[in-house]
Every structure is written in structure tokens, then in C-alpha cells.
Amino acid sequence: MTSRLLTTWTEHDSALQEILDLSPKSLLIFDEDLSPLKLENPARIAALNRLLSSRQQGSQLTIVVQKTEFVRQYSPQLMKLLRVYSPTLQIIHAPPQLEARKDSLLIADDKHALVRFHRDHARSRLITDDVQECKSYRTRFDEILGEGGDPISATTLGL
């Protein structure tokens, strides 16, 4: 059980990859547009593919974004995963009332988390192997999800 403060984008990137490499079976992400997470990186797409293709009971990747343009225009590999693994993978466009939120959450298996305090800065907190520390962030994610939103479709025709 560890928790540490990160202050640089390099540390943030390493922490994100560390969580993905732990091979979670569930991953929850809330972010403005996913661009700082660099999910199109081959190692990250491979980790997401492993999670989704594992077919473990409860395997799930849920992403909530405040803006969809980046996902739709610059995330072809993620959109491909959405086509292949829907409904195990859901990408949801957050409703307008969540526009004021400035943080970013990545929660794996309810026991690992990467929390960026403000979307424009690298300052974040990495939590590994600590269900209790992750509990409030999971609650926050559930509240975000509870606000609703529109599912993003993997096809170019639908939303």
C-alpha cells in the first residue's frame, strides 16, 4: 500500500503506465478529453486490449470525457477497441453540468488510482494497492457516472 505525490508529466506518464501494467480487470477513467493520458501509445493500447480481451468476470473499461473531439478525431485505436469490445468498453460524453470539474481520475480494480488534481497540471497522486485510499475516488467516479451523459458510438453515423 503506497501513495505518493507526483509533480511532473514524466512521473504522471510513468504512473499511468504502472497502473495499466498491473493488468487490472476494471478500469474507470474521467478526464477532460483523454489527451494527457496518451492512450494511443502502443503499450497503453496493448494494456487496454489485454484488459478487454481477458473476458474475466467483471472485466470493464468505462471512460467519461467532458469533450469528445479528441477521442473522435485522434484516438483511432481506442475507437477500434470500442467497436470490438462494446459493451465491455463504454465511452460516455459527460453532461454539461460536469464542465466545471477540473480533475482527472483513473481507478483500477478499486485499489489503484491516479488522480490529477487539475487537468492543466501534472500534479497528481498515485495510489497503489490500497482499497481504502481509493474508496473516496471511486465514490466520486460513481457520482460523475450518476450524472448521466451520452454514450459515444464506435460508428461514424451515431452518437
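Helices, here runs of at least four residues, and strands, runs of at least two, are taken from DSSP and numbered from the N terminus. In this predicted model, Leu-16 is found in helix α1, and the report moves from that residue to helix α2 and then to strand β7.

**Leu-16 in α1**

Leu-16 has a relative accessible area of 0% and is therefore buried, since buried means under 20%. Leaving aside residues up to four places away in sequence, Leu-16 touches Leu-37, Arg-44, Leu-106 and Leu-114. Pro-87, by contrast, lies 71 residues from Leu-16 in sequence and 24 Å from Leu-16 in space, taken from C-alpha to C-alpha.

**Helix α2**

Arg-44, one of the residues that Leu-16 touches, is also among the buried residues of α2, which are Arg-44, Ile-45, Ala-47, Leu-48, Leu-51 and Leu-52. Because these residues cover an arc of only 160° around the axis, they are on the same side of α2. They pack against α1 (9-21), β2 (26-31), β3 (60-65), α4 (76-85) and β4 (89-93).

The helix itself, residues 42-53, has 12 residues and reaches 16 Å from its first C-alpha to its last, which is close to the 16 Å expected at 1.5 Å a residue. At the start of α2, a side-chain oxygen of Asn-41 comes to within 2.8 Å of the backbone nitrogen of Ala-43, while just after the helix Arg-55 takes a positive phi of about 60°.

**Strand β7**

Strand β7 spans residues 124-128, and 5 of its 5 residues are buried, so the strand is largely enclosed by the rest of the structure. In a regular strand the side chains alternate between the two faces of the sheet. In β7, Ser-124, Leu-126 and Thr-128 point one way, whereas Arg-125 and Ile-127 point the other way, and all are buried.

The strands that pair with β7, with one bridge partner from each, are set out below.

| Strand pairing with β7 | Sense and bridges | A residue pair |
|---|---|---|
| β1 (residues 2-6) | antiparallel, 5 bridges | Arg-4 opposite Leu-126 |
| β6 (residues 112-116) | antiparallel, 4 bridges | Leu-114 with Leu-126 |

Leu-126 thus stands opposite Arg-4 and is also the bridge partner of Leu-114. Leu-114 in turn leads back to the beginning of this account, being one of the residues touched by Leu-16.

Conventions
Residues numbered from 1 in each chain as written. Predicted model: local features only at pLDDT ≥ 70, side-chain atom pairs only at ≥ 80, totals over all residues. Heavy atoms only, no water. Expected span 1.5 Å × (residues − 1). Buried < 20%, exposed > 50% of the residue type's maximum accessible area, 1.4 Å probe, protein only. Arc of directions from axis to C-beta. Contact = heavy atoms within 4.5 Å. Polar contact = N/O pair within 3.5 Å; in protein donor to acceptor, adjacent residues only side chain to side chain. Pairing = 2+ DSSP bridges.
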